[in-house]
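Let's take a walk through this protein together, one stop at a time. Please open the sequence and the 3D view side by side before we start.

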Amino acid sequence: MSVVSKEHRNDNNWRRLVIKVGTSTIVDAKGEIKYPVINRLSQTLTQLQKSGYEVILVTSGAIGVALQQMKISQRPADIPEQQALAAIGQSYLMAIYNQSFAFYQQHVGQVLLTYDVFDNKLMLQHTIDAVDVMLAQRVIPIINENDVIAVDELDHQHSFGDNDRLAAIVTHETQADSMIVLSDIDALYTANPFVDPTAQPISLVSSITQELLDSATGSSTLGTGGMLTKLKAAEYLMQQQRQMVLINGANPATILDVVQGKQVGTLFKGE
Ligand SMILES: Nc1ncnc2c1ncn2[C@@H]1O[C@H](COP(=O)(O)OP(=O)(O)O)[C@@H](O)[C@H]1O
Ligand SMILES: N[C@@H](CCC(=O)OP(=O)(O)O)C(=O)O
């Protein structure tokens, strides 16, 4: 397996990275699980880890995977039903990741979080300590929200409490240098390109303006956050002097281009 040379690291000398994977990267529009993509993601993250980077994966997809498992075509509106699906799907999602990473001899560990962890100093410290130990042992922590006991993300009335935000807070609290977001789109566009065919990709964003927020509309079929939650996550990170890069998750190896400083996707970096 080839490794990423440290000489090729981004100018920012990133060391610790949070990779956020949306439902649209794990499950396709027909509800089928994208095993080859998950395999490529596991290979890429293992490659990064073996090259000396500390890698934390924040993944959505529990409900998306459960829909396929349970042969349900649409995400139910009922919150307890979604929570039951999350419980079913989370263990399956981890089984897929375990098998996929095991092929590359890479150990992983599951971390399920709720937002109250970030408000409780002791719980937060325990979480950070466990993540630090895993990283020191070259294990990749795999984080998702504990959907069974957290309703914020599942209630579509709220735009907060999504995995984009969760990953941004994890990036800050674990003092990661950057967050790379994998979605079903290759960049932030001037408008939702699925709605507006004249929309143009944006390669660099140095501040989150109202115009940008207005440009972010609906999400993909199974995702919950949409572009708006990604912009809010980017805004939060830029306020913490951290960076975010949005790329297409169709080919997770693109992450290697990002860490090598190549211009790909949209870079959110404050001035
Ligand atoms: N300005 C925009 N630029 C790019 N994508 C946008 C924009 N506005 C809305 N979107 C939508 O955001 C979706 C990505 O968000 P989401 O469905 O939550 O993905 P994920 O599951 O990967 O988190 C895109 O598929 C697109 O439909
Ligand atoms: N925690 C949820 C993620 C919710 C969700 O769809 O998030 P995203 O695809 O990142 O917009 C799950 O694992 O299904």
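Our first stop is lysine 71, which counts as exposed because 7 other C-beta atoms lie within 10 Å, and the cut-off for exposed is 12 or fewer. You will find lysine 71 in the loop between α3 and α4. Its backbone deserves a look too: lysine 71 has a positive phi of about 55°, although it is not a glycine. Please keep in mind that this is a predicted model.

Another residue tells a similar story in another loop. Glutamine 175 sits between α7 (163–173) and β5, and this non-glycine residue also has a positive phi of about 55°. Glutamine 175 has 12 C-beta neighbours inside 10 Å, so it counts as exposed.

Now step back for the overall view. The protein has 10 helices and 10 strands. Of its 271 residues, 42% count as buried. Among contacts with a separation of 6 or more, 74% join residues 24 or more positions apart.

Let's return to the two helices that flank the loop of lysine 71. How do α3 and α4 pack, and at what angle? Helix α3 (residues 62–69) meets helix α4 (residues 79–102) at an angle of about 90°, with 7 Å between their axes. The angle is why α3 is described as roughly perpendicular to α4. On the α3 side, the contact includes Ala62, Ile63, Val65 and Leu67, while the α4 side includes Leu85, Ala86, Ile88, Tyr92 and Leu93. Sorted by class, this contact between α3 and α4 has 10 nonpolar, 5 polar and no charged residues.

Follow α4 along its length next. This helix has 24 residues and reaches 34 Å from its first C-alpha to its last, close to the 34 Å expected at 1.5 Å a residue. An α-helix has 3.6 residues a turn, so residues three or four places apart point the same way. With that in mind, look at the buried residues of α4: Gln82, Leu85, Ala86, Gly89, Gln90, Leu93, Tyr97, Ser100 and Phe101. These buried residues pack against α2 (35–50), β2, α3, β3 and β4.

Those strands bring us to the sheet. In what order do its strands run? The 8 strands of this open sheet follow the order β3-β4-β2-β1-β5-β9-β10-β8, and their pairing is mixed. At the edges are β3 (108–113) and β8 (204–205), each of which pairs on one side only. Strands of a sheet pair through backbone hydrogen bonds, either parallel or antiparallel.

Begin at the β3 edge. β3 pairs with β4 in the parallel sense over 6 bridges, and leucine 112 has asparagine 144 as its bridge partner in β4. Right beside leucine 112 in your sequence, leucine 113 also belongs to strand β3. Leucine 113 has 20 C-beta neighbours inside 10 Å, so it counts as buried. Leaving aside residues up to four places away in sequence, leucine 113 touches Thr127, Ile143, Glu145, Asn146 and Leu166.

One strand over is β4, which is mostly covered, with 6 of its 6 residues buried. In a regular strand the side chains alternate between the two faces of the sheet. Here, Ile140, Ile142 and Asn144 point one way from β4, Pro141, Ile143 and Glu145 point the other way, and all are buried. On to β2 (residues 54–59): this strand and β4 (residues 140–145) pair in the parallel sense over 2 bridges, and valine 58 stands opposite isoleucine 143.

Further along the strand order we reach β9, where 5 of the 6 residues are buried, so β9 is largely enclosed by the rest of the structure. What are the pairing partners here? β5 and β9 pair in the parallel sense over 6 bridges, whereas β9 and β10 pair in the antiparallel sense over 3 bridges. Valine 245 is a handy marker for both: it stands opposite isoleucine 180, and its bridge partner in β10 is leucine 267.

Our last stop is a helix that rests on this part of the sheet. Helix α9 (residues 226–239) touches β5 (178–183), β8, β9 (243–248) and β10 (266–268). The direction of α9 makes about 150° with that of β9.

Methods. Residues are numbered from 1 along each chain as its sequence is written. Chains are lettered from A and ligands numbered from 1 in the order in which they are written. This is a predicted model: local features need pLDDT of at least 70, side-chain atom pairs count only at pLDDT 80 or more; totals for chains, interfaces and linings use all residues. Axes are lines fitted to C-alpha atoms, for helices over the stretch in contact, and angles run from 0 to 180 degrees between N-to-C directions. Helices (H or I, at least four residues) and strands (E, at least two) are DSSP runs, numbered from the N terminus. Angles under 35 degrees count as roughly parallel, over 145 as roughly antiparallel, 65 to 115 as roughly perpendicular and the rest as oblique. Two residues are in contact if their C-beta atoms, placed from the backbone, lie within 7 Å. Ala, Val, Leu, Ile, Met, Phe, Trp, Tyr, Cys and Pro count as nonpolar, Asp, Glu, Lys and Arg as charged, and the others, Gly among them, as polar. Two strands pair if DSSP finds at least two bridges between them. The expected span of a helix is 1.5 Å times one less than its number of residues.
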